[in-house]
Amino acid sequence: MIMETMPEIPLTENHKQNLMCVLPRFVAKMKMGSADECWPWIGNSRNKGGYGCFVLGSKKIMSHRLSYLLHHGEVPFGKVVCHHCDNPPCCNPDHLFLGTKKTNAEDMMKKGRHKPIRGEENALAKLTEEEVYEIRRAYDFRTKPTIQLAKE
């Protein structure tokens with residue numbers, strides 16, 4: 001999973017004091033179940049990756065990060081909150097763990113959630129699929145050196 005992250009903005013003392021005041025509003029925006037179930041974010045605000053967003057004072061914080069903060073404490077600078085369940089809207093604190101962007105990417109690769117962008121959907125693609133098929137159909141790779149193809 002390529003996780004879209006919001007900027008890591010440390011919470012001020014004022015925000016920390018307000019956390020308990022917003023707890024009922026925060027809890028109302030997730031569907032809580034048993035400890036082993038996902039607790040999906042049902043609030044209106046989500047980012048492109050499906051992660052819930054919660055407004056805390058004048059700051060937006062991802063819902064799973066706020067859940068981690070409320071249940072486990074502050075998220076150290078440079079750390080990200082990852083999901084054991086691989087479910088972006090999940091706010092269950094038992095499904096959350098701390099990692100780095102690198103460990104999160106390694107977890108994604110290990111679990112087979114990475115989908116490489118292939119072909120002309122890749123922003124660096126120089127040829128369309130149709131052009132590739134045309135080249136393969138027209139070019140005799142057995143008799144012509146590929147350097148000649150590159151020049152053409």
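## Rings, core and cysteines

Me: W41 and F54: buried or exposed?
Reply: Both W41 and F54 are buried. Buried means under 20% relative accessible area, exposed means over 50%, and partly exposed is in between (1.4 Å probe, protein chains only).

Me: What kind of model is this, and what pLDDT do local features need?
Reply: This is a predicted model, where local features need pLDDT of at least 70, side-chain atom pairs count only at pLDDT 80 or more, and totals for chains, interfaces and linings use all residues. Residues are numbered from 1 along each chain as its sequence is written, and side-chain values use heavy atoms, leaving out hydrogens and water.

Me: OK. How many helices and strands in the chain?
Reply: Five helices and four strands. Their order from the N terminus is α-β-β-α-β-β-α-α-α. Both kinds are DSSP runs numbered from the N terminus: helices are H or I with at least four residues, strands are E with at least two.

Me: What share of the chain is buried?
Reply: Buried residues are 30% of the 152 in the chain. The accessible surface is about 10300 Å², and carbon and sulfur atoms hold 56% of that surface. Areas come from the Shrake-Rupley method with a 1.4 Å probe; for residues, only the protein chains shown count as cover.

Me: And contacts between residues at least 6 apart: what share joins residues at least 24 apart?
Reply: 50% of them. Contact means heavy atoms within 4.5 Å.

Me: Back to the rings. How many aromatic pairs?
Reply: Three. The rule takes rings of Phe, Tyr and Trp (its six-membered ring) with centres within 6.5 Å; planes under 30 degrees apart are stacked, over 60 edge-to-face, the rest tilted. F26 and W41 make a tilted pair, at 5.6 Å centre to centre and 35° between the planes.

Me: Where do F26 and W41 lie?
Reply: F26 is in helix α1 (residues 13-27), and W41 is in the loop between α1 and β1 (53-56), so their pair ties together parts 15 residues apart in sequence. F26 and W41 are buried.

Me: What are the ring numbers for W41 and F54?
Reply: Centres 6.1 Å apart and planes at 90°, so W41 and F54 pair edge-to-face. F54 sits in strand β1 and W41 in the loop between α1 and β1, so this pair ties together parts 13 residues apart in sequence. F26, W41 and F54 form one aromatic cluster.

Me: Which residues make up the largest nonpolar core?
Reply: It has 12 residues, among them F26, W41, F54, L66 and C91. Elements giving two or more residues to this core are α1, β1 and α2. The largest share, three residues, is from α1. A nonpolar core is a set of buried Ala, Val, Leu, Ile, Met, Phe, Trp, Tyr and Cys residues joined through side-chain atoms within 4.5 Å.

Me: What does F54 contact, leaving aside neighbours within four places in sequence?
Reply: Its partners include V22, F26, W41, I61 and L66. Lysines K29, K59 and K60 are on the list too.

Me: How many residues of helix α2 are buried?
Reply: Seven of 10, so α2 (residues 63-72) is largely enclosed by the rest of the structure. Among the buried ones are S63, H64, R65 and Y68. S63 has a relative accessible area of 0%. Beyond neighbours within four places in sequence, S63 contacts F26, W41, G52, C53 and C91. G73, just after α2, takes a positive phi of about 110°.

Me: New topic. Where is N92?
Reply: N92 is in the loop between β3 (80-83) and β4 (96-99). N92 counts as buried at 0% relative accessibility.

Me: Which backbone atoms lie 2.8 Å from a polar atom of its side chain?
Reply: For N92, the backbone oxygen of A35 and the backbone nitrogen of D94. A polar contact is a pair of N or O atoms within 3.5 Å; within protein, one must be able to donate a hydrogen and the other to accept it, and residues adjacent in sequence count only if both atoms are side-chain atoms.

Me: How many disulfides?
Reply: Zero. A disulfide needs two cysteine sulfur atoms within 2.5 Å.

Me: Why no bond for C85?
Reply: The closest cysteine sulfur, in C38, is 3.7 Å from that of C85, too far for a bond. C90 has its closest cysteine sulfur in C85, at 3.8 Å, also too far. C85 is partly exposed at 26% relative accessible area, whereas C90 is buried at 0%.
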